[in-house]
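Dear colleague,

Please find below the structure that I am handing over to you. My notes on it follow the display.

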Amino acid sequence: MRRTTPIFVSVGLVGAIVLTGCGQAGQGDATTEDGRTELTMWTHSAGNPAELEVYERIISDFNDSQDQYEVVHESFPQGAYNDAIVAAAASGDLPCLLDLDGPIMPNWAWAGYLQPLELPSELTDSLLPTAVGVWDDQIYSAGYWDAALAIFARESVLTENGIRVPTMEEPWTADEFDEALATLKAGGYETPIDIGAEDTGEWWPYAYSPFLQSFGGDLIDRSTMLSSDGALNGPEALAWGEWFAGLFADGYAGNGGTVGNQEFIDDEVALSYTGVWNAVAALDAVGDDLLILPPPDLGAGPKIGGGSWQWAISSECNDADGAREYLEFSFQDEYITEFADKQVVIPATEAAAQASQYFGDDGALRPFVEFSQEYAVLRPETPAYAVISSTFETAAKDIMNGADVQDTLDRAVSEIDANIASNDGYGFQ
Amino acid sequence: MTVTPPTVAAELPRRATRRLRSIKSRETWAGLGMIAPAGILLVLFLIVPVILAFTLSFTNARLISPNPPRFVGFDNFIRAFTADPVFIQSVGNTAVFALVVVPVQAGLGLLLAVLVNRRMRGVTAFRVIFFIPVVTSIVVVSILWKFMYQQDGLINSMIDALTFGAWSGVDWLNDPHTALGAIIVLSIWQAVGFHMIIWLSGLQTIPEELYEAAKMDGASPWRQFTNVTWPGLRPTMVFVLVTITIAALGLFVQVDVMTQGGPVNSTSTIVYYAVRKGYEQQEIGYAAAISLIFFVAVLIIALIQRRLTREKD
């Protein structure tokens, strides 16, 4: 028995390894029955039938259009998607084509999951700058759309309360914005603005770091990408923190209720700071009374977050030419328009925007295109973003709950800086 | 392991010995074959991860990184205890949680068990009612309680109604002074039914004759409890105490769903902090060190409990 135990254990282990090994397929080296090279593709869009429908159409059009490659796709729910990619990368089982959320791209490119995209430059130049992911001077990802935030309001409510309707030429100043909130609160709205603070995760840095940037601060010193000192805890950041804490302390914003735009639709709040994806529902509910307003200018101009889901080619793909061919095919304006209209996101090319029912020059959601062009700030393009993002979320929540602003920001800076240092600068030196 | 003594072998005819041996070895193989599925799973999902965690905790390994992990000695442990106030606070929060939950949950469970152990009408209904939260997913329970704890939620509305508007309540989960307490209340409520059932099974092992004898001796209900019930519940008590302690120390889901460790780290626990460091911030080496510290702490506490509750003959 003493001698057989190790044999049993090793047989079990070998068996397990063989079983996991069987999962490997489709990195551009498998072939279909009719001799075409199979290209696997993963998307995060399970549970999003509108998006999936467009992908299915592109894939079947592409597969019909030539006889060299066949794209086979698999969809994951968004919540489990990043974990699936990381697990696949760890076991050497990445698909050829994968989509990814813009800010995570540098982390994955740095980790060696991705290869440079190398699409023709006329294609990538035609896209919104926020729909193209650059790391280390190379393009690693490109997307069909971008998202944008705005403040939704009812024109009638602003007029009744004597509040000026802001424009892109003359957005609300910080004082004007505070006054508007005070007026609306006095006018009977218990919390005048819904900024979505009941949400968690990436929403926090995506939605609230633009306010910080509008005050003149930032998440990290973008000239070096090596430290947050001064950017996230300087005087501008302190001003942002006190303003942000004030929104809650003064009762202008709450952190309860439901995620999404329902409070605005039910007229429980007068203003809603939310995304383009909620715009059609708001339009249906409010109609012509709906205003899509730029965010306030808190000192350094209005800012909103940029960068949404994009496509990349994995470093494990053995037939990158085929993957590239597919991506080039997929970036047709016709498809981009379809994504934009079905999902209510901003199309990445101007031609697609013009063809769209919402985002053309006369489209009801045109302001989002302009906000995206004028105000969008990408989240810092560094592999440290995974840490910056969760640290910022914690710090902003603490500030919301009344923690000392300077202490909280100093602690966040030391946490981020320690992480960057322990990763040898993430390739920036 | 099964060596036949040579003297016995010499006495037996050779053929019989061989048959005996072959039967024995066949039995051994069959036994091993039956152990194998569980054994392989145990090695793959228990022993290998534990060894991995132990090894990783002495390195600066990252979840995602092109840089190879470096051996850093005890750096991670030193960092946890000397340079990481959030870790220290998480340890404190976990300790407070366990110190409150263990006696209160065990006590309440026993009280409920004694109550529903009577022969009266509708007792099954009560047992079911107390047990429902246990079989409901803790994620669902946490989400529901999150709504109830809101500023304008059910709990504050009730307080408002009961005090005729004199006290409108606080934003329970977003106030550093009340958040941990709110999670403690929810956790006790959720799992008390489970421990009630365990106590109940213990109560039902106590022979009825003992109570009859006690009654004959004229013992009051309280004397019956202290002199018959409580001694009879001793093994159950040890089990309940150990399971509640381990569950309490591993507090994670409620925190993850309701507060994410906030506000101002007032609900961060050791397990939550390890997950946060390891996955969100990708510092697997450091998270492994935290897990190892947690493992040692739980081991020590369990050993102390065993010593304190051992049978003294």
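A contact here means that heavy atoms lie within 4.5 Å of each other. Please bear in mind that this is a predicted model. With that meaning of contact, 75% of the contacts in chain A between residues at least 6 apart in sequence join residues at least 24 apart.

Chain A as a whole

Chain A contains 17 helices and 16 strands. Its C-alpha trace spans about 80 × 55 × 40 Å along the principal axes. A compact globule of 429 residues would have a radius of gyration near 22 Å, and the 24 Å found for chain A agrees with this. Of the 429 residues in chain A, 58% are buried. The accessible surface of chain A amounts to about 16500 Å², and carbon and sulfur atoms account for 50% of that surface.

Helix H17 of chain A

I looked at helix H17 (405-422) of chain A in more detail. At 1.5 Å a residue, the 18 residues of H17(A) should span 26 Å, and the end C-alpha atoms are indeed 26 Å apart. At the start of H17(A), a side-chain oxygen of Asp404(A) comes to within 3.4 Å of the backbone nitrogen of Gln406(A).

Which residues of H17(A) are buried? They are Val405(A), Thr408(A), Leu409(A), Ala412(A), Val413(A), Ile416(A), Asn419(A) and Ile420(A). Viewed down the axis of H17(A), these buried residues fall within an arc of 135°, so they line one face of the helix. The general rule behind such a pattern is that an α-helix has 3.6 residues a turn, so residues three or four places apart point the same way. The buried residues of H17(A) pack against two helices of chain A, namely H9 (235-249) and H16 (385-400).

Residues with positive phi

Most residues other than glycine have a negative phi. Two residues should therefore be mentioned here, as each has a positive phi without being a glycine. Asp424(A), with phi near 55°, is found in the segment after H17(A). Asp424(A) is partly exposed, its relative accessible area being 37%. In chain B, Gln260(B) has a positive phi of about 50°. Gln260(B) is placed in the loop between helix H12 (253-258) and helix H13 (270-280) of that chain.

With kind regards

Key
Residues numbered from 1 in each chain as written. Chains lettered and ligands numbered in written order. Predicted model: local features only at pLDDT ≥ 70, side-chain atom pairs only at ≥ 80, totals over all residues. Heavy atoms only, no water. Helix = DSSP H or I, 4+ residues; strand = E, 2+ residues; numbered from the N terminus. Buried < 20%, exposed > 50% of the residue type's maximum accessible area, 1.4 Å probe, protein only. Expected span 1.5 Å × (residues − 1). Arc of directions from axis to C-beta. Polar contact = N/O pair within 3.5 Å; in protein donor to acceptor, adjacent residues only side chain to side chain. Rg over C-alpha atoms; globule rule 2.2 N^0.38 Å. Areas by Shrake-Rupley, 256 points an atom, 1.4 Å probe, with all protein chains shown as cover.
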